Amino acid sequence: MFLEYAIMAFIIGGVIGLVRDYRVSVKASSFMAFLGSLALLGEVYHVYTNGPEKFSLFGIPMNVSGLSNVFLLIIGIVGVAASLFAINYMELFEKTGKGWVYAIAYNTFLASMTLVVTVDSMEYFVMSWELMTLSSFILVFFSEKARDVNASVKYYITMHFLDTIPLFLALGTAYSLVGSFEKLTFENIHYHLLTAPESTKFVLYALLLVAFMTKAGIVPFQFWVAETYRAAPTSVSAVMAGAMEKVALYGLIALVWKTVGPNTTLGFIVALLGAITLTVGTLYALRETNAKRLLAYHSVGQMGYIWLGIGIGMALIPKGGALAAIGALGAFAGLFHALNHAIFKSSLFLSAGAVEYRTGTVELNELGGLGRRMKFTALAALFASLAISGVPPFNGFISKWLIYVAGYQSGNFILAFGAVLAAFISAATLASFIKFYGAQFGGEMKRYENVEEVPAGMLLGQWILAGLTLIIGVFPKIVVPILNEPFNAPLTENIYRIGFGSVLFSPVIFVILLGALAAALYLTFKPEFGKETKPWDCGSTEIDEDEYRTNAEGYYNWYEEKIGSFYRLGDWFYTVGAGVIHYITRAYLWMASYFTKIVDTPYTKVETLDDLREREIMNIDEEALKPLLRLLRIVKNVLPGMRLGTFVVLTLVVIGAVIGILIAL
């Protein structure tokens, strides 16, 4: 019932956005998206208390299982916070005047993600997936700036070549097994795969893995993430990083692992990809000076943690016995970190959006001193920064710690090494967010002395998420039963502690001890407040006081020099990837030029996207049949003077052309 309400709210949100007034359109549609996301949380509670349910929604077969419930929880939480935030934030784009575009695309984006994780048919899964990709593409270029439009086109082309094509090939493979679109349920596909050749399973593993790696930003398919998240409105970036990436994780578990079937070797591959991704993503984030690009690279890195945990589960559960229990722990920890990442990463994007709303920039080198002016935003950013860095008692610590435990106890070198690498990279994450937080909120800058805090709705969106980082970190019990339903890991947990076997952690006791230590330090040193003094200028009288600071670019110069070879190698790979995408884009432009009216003026060239946008697009079927129509027009003009033999010959030519076109199509 709640799922129906959610979809209806998203539909109404899209329709209500058609009003002409931009602000009314954006605010009303964002509010409906908020209500729809809230209904998703109602569905989560309903399924958790009453069990899985199967039903038909507008003729689409639905199956809301325990696994679906986890991802509905993620989409619901992120959707609630981001939609509240967007009510005011989207005012930044009022000059575009296209509130109706945002209203339809944003609500479609949320609805399509909801369908992806709940439909019970491969056919509708692929259709919903494509709708998700299309709506997110529209949202990415919403600002209509040239750089953002190019980023969105490259994102869409990348998704089509590395996401859509593999998914459609997988759909065709599944159809060849089942023989009917009406029977393409995941259960049916799994049943037919039990007796299918191993080569068929291998093909499905490969196609689906490439598709879900691309959407999740797993190395080496992470090249689209940074520019795409930078280009999109920040509230949309929060949903893409917080929810869309997790939909790819759902595909990995529901289709690759559950439907095609368990595969130990594939589990090791997924874990290894996760270990590589968490390293590459985090180290690239460390050198970024644009807040949204920094957060985008950290999304890549944190997805690596998640894939490492899921990979441990995929590799060990089929082995049975004690290893299966450790594998279940790893899979649970991966799901737990997926939820935690959705919360703290969306919170960080919203904090960056709040800064952008008041200052007009997300460039860290140009920011500073906002901690005193935007205290609530600064505190929310601090909570989320500590959470993503894995600092207790925030939520990121527990899920990361459980991934380490599963890797250490696996008894496998690859999985244990991945866990050690993950623990080390957490230190690099903390270093990165010292820069992220300090560059924006530390120090003083005169240019921002009149900046004010953002409106209440934007603060509420941030604090729904920032508050959850602490609440879940201290009381993980409130989400553990929902998260553990798909894998049933043998956790030792109650309201006071959580762990595996004898390896336990009590966040409640930790908070008590930390509070006692903080009070003791305060009473011992008795810090004084209220005293102010000017910073020492080292004898200079010509340097502006705003420059008395270390900017974001200067935080880790020495470190970047030490591992410069890593960055140079990565930049080379990025250049190659960017070159491939460039030529794919050029090929697209070349093909698209033949489906525009400029074919009537052969000397007109299409060299850029702007050239194409200036032309009137024709339908493909019109363009394909245009030569035939011209031929018929000629025949009509000369028909009165033709002899019978000539007429017969031309008729045969026309019939042959029609047959040829039909065969080609």
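**Notebook: a cavity, two helix pairs and some odd bonds**

About 50 Å³ of space lies in the largest cavity, and that is where I opened my notes. I should say at once that I am reading a predicted model.

**Entry 1, the cavity.** I searched the whole structure for cavities of 30 Å³ or more, and the search found 1. Rolling a probe the size of a water molecule over the atoms shows where empty space is left. Next I looked up which residues line the largest cavity, and I wrote down M122, A174, F186, I189, L204, L208, L255, T259 and V260. I then asked myself which elements give two or more residues to this lining. They are α7 (186–193), α8 (198–216) and α10 (234–260). Of the elements, α10 gives the most, with 3 residues. I also sorted the lining by character: 8 residues are nonpolar, 1 is polar and none is charged.

**Entry 2, helices α6 and α8.** Having met α8 at the cavity, I looked for a helix that packs with α8. I found that the axes of α8 and helix α6 (residues 146–178) come within 9 Å and cross at roughly 155°. Angles over 145 degrees count as roughly antiparallel, so α6 and α8 are roughly antiparallel to each other. I noted the hand of the α6 and α8 crossing too, and it is left-handed.

**Entry 3, helices α2 and α3.** I turned to helix α2 (residues 22–50) and helix α3 (residues 66–89), which pack at an angle of about 155°. Their axes are 8 Å apart. From the angle it follows that α2 and α3 are therefore roughly antiparallel to each other. Is their crossing left-handed or right-handed? I read the crossing of α2 and α3 as left-handed. The residues of the contact of α2 with α3 come to 18 nonpolar, 7 polar and 2 charged.

**Entry 4, a salt bridge.** Side chains of opposite charge can pair when their charged atoms come close. How many salt bridges does the structure hold? I have 11 in my notes. I picked one to look at: E198 forms a salt bridge with K201, and their closest N and O atoms are 3.9 Å apart. Because E198 and K201 are 3 residues apart in helix α8, about one helical turn separates them.

**Entry 5, the backbone.** Most residues other than glycine have a negative phi, and most peptide bonds are trans. With that in mind, I went looking for exceptions.

- I stopped at F58, which has a positive phi of about 55° although it is not a glycine. F58 lies in the loop between β1 (53–57) and β2 (60–64).
- I found a cis peptide bond from V219 to P220, with omega near 10°. P220 has its place in the loop between α8 and α9 (225–231).
- I found that P392 and P393 are also joined by a cis peptide bond, with omega about 10°. P393 sits in the loop between α14 (375–388) and α15 (395–409).

**Last jotting.** If you are new here, I would start at α8: it gives residues to the lining of the largest cavity, is roughly antiparallel to α6, and holds both E198 and K201.

Methods: Residues numbered from 1 in each chain as written. Predicted model: local features only at pLDDT ≥ 70, side-chain atom pairs only at ≥ 80, totals over all residues. Heavy atoms only, no water. Axes fitted to C-alpha atoms, helices over the stretch in contact; angles between N-to-C directions. Helix = DSSP H or I, 4+ residues; strand = E, 2+ residues; numbered from the N terminus. Parallel < 35°, antiparallel > 145°, perpendicular 65-115°, else oblique. Left-handed = near helix turned anticlockwise from the far one by under 90°. Nonpolar A, V, L, I, M, F, W, Y, C, P; charged D, E, K, R; others polar. 1 Å grid on protein atoms, 1.4 Å probe; cavity = no way out; pocket = protein on both sides within 12 Å on 5 of 7 lines; lining within 4 Å. Points joined across faces, edges and corners; volume = space filled by probe spheres on them. Salt bridge = Lys/Arg side-chain N within 4 Å of Asp/Glu carboxyl O.
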